[in-house]
Amino acid sequence: MPLNVLQRSNSFPQRLKAATDPEVEKKIFALVAKEDECRVACEVSKDDGGKPRIIAIVCPQHSSSQPEYAMFVIKKKKLRSKLMIRNVVPILSDFSVRRVNNLSVEIKYRKYNTKTKTKVFTASNADTLSAWIEAASNALVVACHQNYNLDSFYNRKSHSWLLERYADDVPSLKQMMGGPVKGDLPQNSDGSDSDDAPDHPVALTMMTEVARGDWIQKQCLKRADEYVEKRKVSVRVCSWNVGAQLRPEEGRGPQWHPESLARWLIPKGTNGCDIISVGLQEIVELQTNSLIAHDSSPERKAWEELLCTALQVPRKYVMLVSRQYVGVYHFLAVRKDLWDASIVREPQCKAVGCGIMGFGGNK
């Protein structure tokens, strides 16, 4: 049974509408190379409770009656502002698809090291999943009839369009080829591949620890788009020598009121920056006994309370750091919506003493 081609100017078939957001449809078409077309797509999640994915069947446009198909696994980024191709699997004769239940499908395929990968996806719409399984099964029939297999893929006798158009963005395609790929391996200072570089990904296990570390670092940098969400943020940095004027039991002057601090931290006419960093000097009297390093004092607690009140913590901001270094105090807060969306997470703070014997306080 022939597949229903999804032309770029058209939307998905009516039976897919229930499970496919029209905006997602447009992003899928924009993601696929202009020479290719998406035949069918289905929104799913990994069976292990992982993040949502979209699985699509893609082939070249204007191909012959026996086209070459591939399964694209598309990832939704955290902010849902962008889609990216997470994996591409050519549909070869050893590809298999099996319906586990009404909403789940099991997919198996081989990689360069002959190991079989098994993926189980769960869809939210049974009709959409049925359409996807039908398309994948038809693509498998074509692969078997044309004898598309790993050898034909390795020798670029089939599915070469995947390598030409997607290999730079999808490292798993290079891994399936199994051979050396420039840029994947440790290189000499002139940019050429090192003679000591492995000619197969399996050879990573035979590399020295330093060489393996360099190789892994390069791969992480190349795939940064898969785990890095770039976003512009605004940062306000405030510094003030308060001259040890604040006492826990009293306030001196209107400048100590939360309302006055709020005008300092959040300029008039703005809603406040995404990240606010405050550094105060001389929050305590700098006497000899003050140089014995400590990170908590009544003054620190008083300043923390004032700053939290001024920034409306925790309703508008979340406090990340409140730390005293003898007479110096550091306060860091981030907007609550950034924290709730996990855009800012796992804050860490480290202090290095530069006073007596290299670890005591000095001011």
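This is a short walk through one protein model, from its overall make-up to one sheet with its helices, then a second group of strands, and finally the cysteines.

Please keep in mind throughout that the model is predicted. The protein has 363 residues, of which 44% count as buried, and its secondary structure comes to ten helices and eleven strands. If we take the contacts in the protein with a separation of 6 or more, residues 24 or more positions apart account for 58% of them. The accessible surface comes to about 20,100 Å², and carbon and sulfur atoms contribute 50% of that area.

Let me turn to the sheet that I would like to spend most of the time on. Four strands form an open sheet here, in the order β8-β9-β11-β10, and the pairing is mixed. β8 and β10 stand at the edges with a single partner strand each, so one side of each is left without a neighbour in the sheet. From one strand to the next, the twist averages 10°. Within this sheet, β9, which covers residues 275–281, pairs with β11, residues 328–335, in the antiparallel sense and over six bridges. If you want a pair of residues to find on the screen, take Gly-279, whose bridge partner in β11 is His-330.

Two helices belong to this picture, and I will take α9 before α8. α9, residues 298–310, packs on the sheet and touches β8, β9, β10 and β11, while its direction makes about 25° with that of β11. Its 13 residues should span 18 Å at 1.5 Å a residue, and because the end C-alpha atoms are 19 Å apart, the expected and modelled values agree. Which residues of α9 are buried? They are Glu-299, Arg-300, Ala-302, Trp-303, Leu-306, Leu-307, Cys-308 and Ala-310, and what covers them includes α8 as well as β8, β9, β10 and β11. After α9 comes Gln-312, whose phi is positive, near 60°.

The other helix, α8, spans residues 258–265, and its buried residues are Pro-258, Ser-260, Leu-261, Ala-262 and Leu-265. These buried residues pack against β8, β9 and α9. α8 lies across β8 and β9, and it runs at about 125° to β8.

Now to a second group of strands, with β3 as the reference. β3 covers residues 70–76, and because six of its seven residues are buried, the strand is largely enclosed by the rest of the structure. Six bridges join β3 to β2, residues 52–60, and these two strands run antiparallel; one pair to look for is Ile-57 with its bridge partner Met-71 in β3. β3 also pairs with β4, residues 83–90, in the antiparallel sense over seven bridges, and here Ala-70 has Pro-90 in β4 as its bridge partner.

That leaves the cysteines. How many disulfides does the structure hold? The structure holds zero. Cys-59 is in no disulfide, and the nearest cysteine sulfur, that of Cys-38, is 9.2 Å away. Cys-59 counts as buried, at 0% relative accessibility. Cys-238 is likewise in no disulfide, with the nearest cysteine sulfur, that of Cys-273, 8.3 Å away. Cys-238 is buried too, with a relative accessible area of 5%.

Technical notes:
Residues are numbered from 1 along each chain as its sequence is written. This is a predicted model: local features need pLDDT of at least 70, side-chain atom pairs count only at pLDDT 80 or more; totals for chains, interfaces and linings use all residues. Side-chain values use heavy atoms; hydrogens and water are left out. Buried means under 20% relative accessible area, exposed over 50%, partly exposed in between (1.4 Å probe, protein chains only). Contact means heavy atoms within 4.5 Å. Accessible areas come from the Shrake-Rupley method with a 1.4 Å probe; for residues, only the protein chains shown count as cover. The expected span of a helix is 1.5 Å times one less than its number of residues. Two strands pair if DSSP finds at least two bridges between them. Axes are lines fitted to C-alpha atoms, for helices over the stretch in contact, and angles run from 0 to 180 degrees between N-to-C directions. A disulfide is a pair of cysteine sulfur atoms within 2.5 Å.
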